[in-house]
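Hi everyone, thanks for making time. I'd like to walk you through a structure you haven't seen before, so let's put it up on the screen.

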Amino acid sequence: QVQLQESGPGLVRPSQTLSLTCTVSGGSITTSGYAWSWIRQSPGKGLEWMGVINYDGGPYSSPFFRSRISISRVTPKNQLSLELSSVTPEDTAVYYCARAVVTGSYFDYWGQGTQVTVSS
């Protein structure tokens, strides 16, 4: 059973950088055929895909975030990382990490999500 757990500060000040970690257990983030995504849901809005890092380490992010986003991994710790710079209150959301099955283009495992509030 694959489990994903997001962690990070619940409160971030405007203009600062949001940093989150997703710790994966029960499966390796380097296993072929899977990709690891960051997704968020802002209050009153739907799910928003932010970016992904593939099993081979290749990161891709949504152009919506332009240069603000950085997705990486720490392979020995089986962890994924998300950094979002220059945050505003509009970045307030529940942030999720999820595993995608590449061939099927669907998410089969999700973390429980972590609330991040951007406020002064």
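Let's start on the surface. There's a nonpolar patch here of about 530 Å², and the residues that make it are Leu47, Trp49, Tyr60, Phe107 and Trp110. Which elements give two or more residues to that patch? Those are strand 5, running 47-54, and strand 10, running 106-110. Oh, and keep in mind as we go that this is a predicted model.

Now zoom in on one patch member, Trp110, which sits in strand 10. Its relative accessible area is 36%. Buried means under 20% and exposed means over 50%, so Trp110, at 36%, ends up as partly exposed.

Okay, on to the backbone. Have a look at Ser15, in the loop between strand 2 (11-12) and strand 3 (18-25). Ser15 isn't a glycine, and yet its phi is positive, at about 80 degrees. Is Ser15 buried or exposed? With a relative accessibility of 59%, Ser15 counts as exposed, because the cut-off for that is over 50%.

Then there's Asn78, another residue other than glycine with a positive phi, this one near 55 degrees. You'll find Asn78 in the loop between strand 7 (69-74) and strand 8 (79-84). And what about its accessibility? Asn78 comes in at 14% relative accessibility, which is under the 20% cut-off, so Asn78 counts as buried.

So, to put those two loop residues side by side: Ser15 is exposed, whereas Asn78 is buried. That's my tour, thanks for listening!

Note on methods
Residues numbered from 1 in each chain as written. Predicted model: local features only at pLDDT ≥ 70, side-chain atom pairs only at ≥ 80, totals over all residues. Heavy atoms only, no water. Patch = residues over 30% accessible without salt bridge, like charges linked within 9 Å, V, L, I, M, F, W, Y side chains within 5 Å. Areas by Shrake-Rupley, 256 points an atom, 1.4 Å probe, with all protein chains shown as cover. Salt bridge = Lys/Arg side-chain N within 4 Å of Asp/Glu carboxyl O. Helix = DSSP H or I, 4+ residues; strand = E, 2+ residues; numbered from the N terminus. Buried < 20%, exposed > 50% of the residue type's maximum accessible area, 1.4 Å probe, protein only.
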